Structure formats: structure tokens, C-alpha cells
Amino acid sequence: MHRSLLPLLMLAVTACAGGSTLTTPASRAPAHPAPDAQRAPDPAPIAGTTDASDAGNAPAQPAADPPAHDPAYSNESEDEPLDDSGGNGAPGYLGHGTKTPDPLAGMTTQQIEKTLLDSPDKLGSISVGSCDAGALFNGVQMPPGEHWTRVDASHEWGTQETIDDLVRCIEHVNRKFPGSPQMYIGHVSARHGGHLVPHVSHQSGRDVDVSYYYKPDRQRWYRYATRDNLDLPRTWAFVRAVITLTDVKLLIIDRAIQKIIKDYALSIGEDRAWLDDIFRGRPGKLRPLIIHAPGHRTHIHVRFYSPKAQARARRVYPLLVHHHLIRPPTYYVTHMVKKGETLAQLARHYHTTVQAIQRANGLRSTLIHAKKEYRIPRHGGVAASGALRLPPRRLPPSEPLAGRAGAAPGS
Ligand SMILES: [Zn+2]
């Protein structure tokens, strides 16, 4: 039974709405109207698999993402070697700027293909593409927990690594500060990734929105953070845990709040140079781990690496495309021409050009015939992931290595 493949089919339907150039909530309506004459390979929506079914019951998550054109934030190229040589990683440590091991290395392509078709769950979480144009396969839902509240559980699906990392950091805060209020967990990704209103990112199971920690009785989702209402010890403990205990790619925190948190960290004796690297980076050498974007005074956005889920995606991607389980950046739909339709109309309808349709069908003229099928090129699928080179984890000089496996409980 290919039950777990069905969601990916859904993804194929929805992925085209997540164009990476969309920048504002208002413009994030599907870029292409559903073409009525469109046929296979668009599978029909399957009842019960849509993620939007209970979105209406959940507290709305206000628009939160920074603009996609922010180079610090959008569609980062993960295949580029990252110049993060200033970290404190040691040889042999997972985060030491090394290529991450391929969890599917023991399988041949044929074995992966058979598993994909017979029991895809066995492949584990797969984070395909980028955070701005991606998909999630075999996602894991944020579980209920004593120390957090899920704001919108139906849109809190991540890779196994994302969920593990998030839980580890919250539990760390609670070990350090027993009796902490529950952290609110906002959106992670939709069950199968892809476009998630109102975000540009959150598409591949590696982005998480969480609340700050506030002073007693002030804990509320989307509360505007200030120097007066923030619980700085807990908020810093969380941010510090994300940085030291996980493979985090970036955190987004409002600039004003960054200053408050950094001042607090200095006041309790954290290393100034380490903090500068985290909050400011070194121009041209080391990018900051914490960046500013508008809208992040109410919550923290965390983007994790998922080395295993991203490595799996590299192996599985061609198979996903081959079996029409995912759409490549350019894909084709078939259109049966109705009487009176012109090539120019088709081009407008599908947001493409007359020339592109001509090329796709080997047409020398603009003449098309009723009741005949034509291939129409479309854009907006998911691109293959590049090789991931994990930067060293940025640890304070005082701290022993706290690798993924070596994170001591209670540390
Ligand atoms: Zn976010």
C-alpha cells in the first residue's frame, strides 16, 4: 500500500503555488490559477490528506517572514562551501565543516527505489530543495509535550532532526530552569512541505517559529517582546542551546531584542568575542548566526540544518521526479485545446510564452488544433538539493565540544 506516497502527490498539486519570488503575504495567493483543462500528471486531491483542513480552528499565525529578497535569509545556496572557518569544531566532530555522511550509503539506487515504492517510511525524513522552494517527505509532527504548547499542530511537521533539535533545546531550558512556562511552537512546515501561508520559507521541514520566554504570567503566543516583559535567563538559555547543541543555520530575532539578549549574556559573563561572532559575524569571513528581519519581535525563527534528511534528498530526488512524486523546477502539463483557443491564450493562462509552448511541441507556426493535446511548460517545482557542507558548530571557548551525540543531559 502506497499510503505514504499519496501526500507527495498532493505536494505535486500545491508546490506550484510556492514561487520563490513571492514576497508579501498579499502576493502569496497561488501564482497560477488552477487550469481547468489541465490533466495528468496532476493527481486528484485525495480526501483526508490536505493540511489545510483544520487550519481554521487554529489561532492564526500572523505574517512573519522577512522578504524573500533579503540575501541573508532567502533561498540560500546550500551547495556552496560555507566560509565558516572561525568555529570551534574539532576534527571528527559532525559539525566540522565536513560533508555529512549519506544515511542511504548502504543502499543501491535500485534498493532505494524499491523502498520508495513499497514502504517509503523506511527511508526516514527527507528535506527536499530549499527552505523557500522545497518539500518534506516522511515528516515528523511536533509531539505534544509538557514544556511547550503547539499553536497550530497541523502545520508543525519537520524532519526528524528538526523535531529532535527543538525538543532537546526546550528540555535543556527546563532542566536549567525547572518550572519554566510552556514555550509556544508556531509553524514548522505543512505535512508535506511546500508553500505554507503566510510564509515564504517553512517549506522543507527545517524552519521553526517559537515564542520568546516571558516573565511569569506574561507568556503568550505572539506577545510583543520588550525589555520589561522578556524572561532573559530562559530566552538566552534557549538561544544558547540552539547554537551550542544543534546544527542551526540561523536564528531571526528583531534587532532591538538582539541587543537586550546580548547585553544580558555579557552581564552573566559570556565570552564577548564569541557573542560578537554570533550576533555580528565578521564581515567577509563569518556570517552572523542571529540576524534581524522585520516581524521578529513577537517570535524567534530558527532554521536548522538537517544533515541526514538533506543528504537523503540528494539520493532520492531523481527517483521522486522519475516517479512523478515531485515536480522539478520546470515540468509539463497537458492541455486539450478547445475550439477557438489560441496559442497566445494558452500562454497567458499558464503564465508562459508562445515560444516556450512552440518549443515544447516542436511547432513551427502558431497554429494549434482543437481536440488535440499540447505539452505546456510550467515553473515552480522543487530543485534538487546541493551537497551540504555543515559548518562547525560555534561553541564558546569555555565549553567542551557538545556534538549532537555528545550533548550531556543537564549540561
Ligand atoms: Zn518563520
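The chain's secondary structure adds up to 9 helices and 12 strands. Helices (H or I, at least four residues) and strands (E, at least two) are DSSP runs, numbered from the N terminus. What you're looking at is a predicted model, where local features need pLDDT of at least 70 and side-chain atom pairs count only at pLDDT 80 or more, while totals for chains, interfaces and linings use all residues. Residues are numbered from 1 along each chain as its sequence is written, and side-chain values use heavy atoms, with hydrogens and water left out.

Let's take the whole chain to begin with. Of its 411 residues, 53% are buried; buried means under 20% relative accessible area, exposed over 50%, and partly exposed in between (1.4 Å probe, protein chains only). The accessible surface is about 17900 Å², and carbon and sulfur atoms account for 56% of that. Such areas come from the Shrake-Rupley method with a 1.4 Å probe, and for residues, only the protein chains shown count as cover. As for contacts (heavy atoms within 4.5 Å), take those between residues at least 6 apart in sequence: 76% of them join residues at least 24 apart.

Now to the metal. The zinc ion is held by NE2 of His202, by Asp209 through two OD entries, and by ND1 of His301, at 2.1 to 2.8 Å. Donors here are N, O and S atoms within 2.8 Å of the metal (3.2 Å for Na, K and Ca); water is not among the atoms, so sites may look incomplete. Along the chain, the donors follow the spacing H-x6-D-x91-H. His202 sits in the loop between strand E6 (183–185) and strand E7 (207–210), and His301 is in strand E10 (residues 300–304), so this pair ties together parts that are 99 residues apart in sequence. Both of these histidines, His202 and His301, are buried.

What about the geometry? The 4 donor atoms make angles of 51 to 146°, and the site is irregular. For comparison, four donors count as tetrahedral if all angles lie between 85 and 135 degrees; four count as square planar and six as octahedral if opposite donors are over 155 degrees apart and all others between 65 and 115; anything else is irregular.

Stay in the loop between E6 and E7 for a moment, as Ser189 lies there too. Ser189 is buried, at 0% relative accessibility. Leaving out residues up to four places away in sequence, Ser189 touches a list of residues that includes His155, Trp157, Gly205 and the zinc-binding His202. A polar atom of the Ser189 side chain lies 2.8 Å from the backbone nitrogen of Gly205. Ser189 and Asp209 are 20 residues apart in sequence, with their C-alpha atoms 9.9 Å apart in space. Pro198 is in this E6–E7 loop as well, and the peptide bond leading into Pro198 from Val197 is cis, with omega near 0°.

Move on to the loop between E7 and H4, where you'll find Ser211. Ser211 also counts as buried, at 0% relative accessibility. Its side chain reaches the backbone nitrogen of Tyr184 at 2.9 Å and makes a polar contact with the side chain of Gln219 at 3.4 Å. A polar contact is a pair of N or O atoms within 3.5 Å; within protein, one must be able to donate a hydrogen and the other to accept it, and residues adjacent in sequence count only if both atoms are side-chain atoms. Tyr222 lies in the loop between E7 and H4 too. Tyr222 isn't a glycine, yet its phi is positive, at about 70°, and it is buried, with a relative accessible area of 15%.

Next comes helix H5 (residues 255–267), whose 13 residues reach 18 Å from first C-alpha to last, close to the expected 18 Å at 1.5 Å a residue. That expected span is 1.5 Å times one less than the number of residues. Asp254 caps the N-terminal end of H5, with a side-chain oxygen 2.8 Å from the backbone nitrogen of Ala256. Among the buried residues of H5 are Ile257, Ile261 and Tyr264, and the buried residues of this helix pack against helix H4 (232–245), helix H6 (272–279) and strand E9 (290–291). Just after H5, Gly269 has a positive phi of about 95°.

One last stop is His351, in the loop between helix H8 (343–349) and helix H9 (354–361). His351 has a positive phi near 55° and is partly exposed, at 43% relative accessibility.
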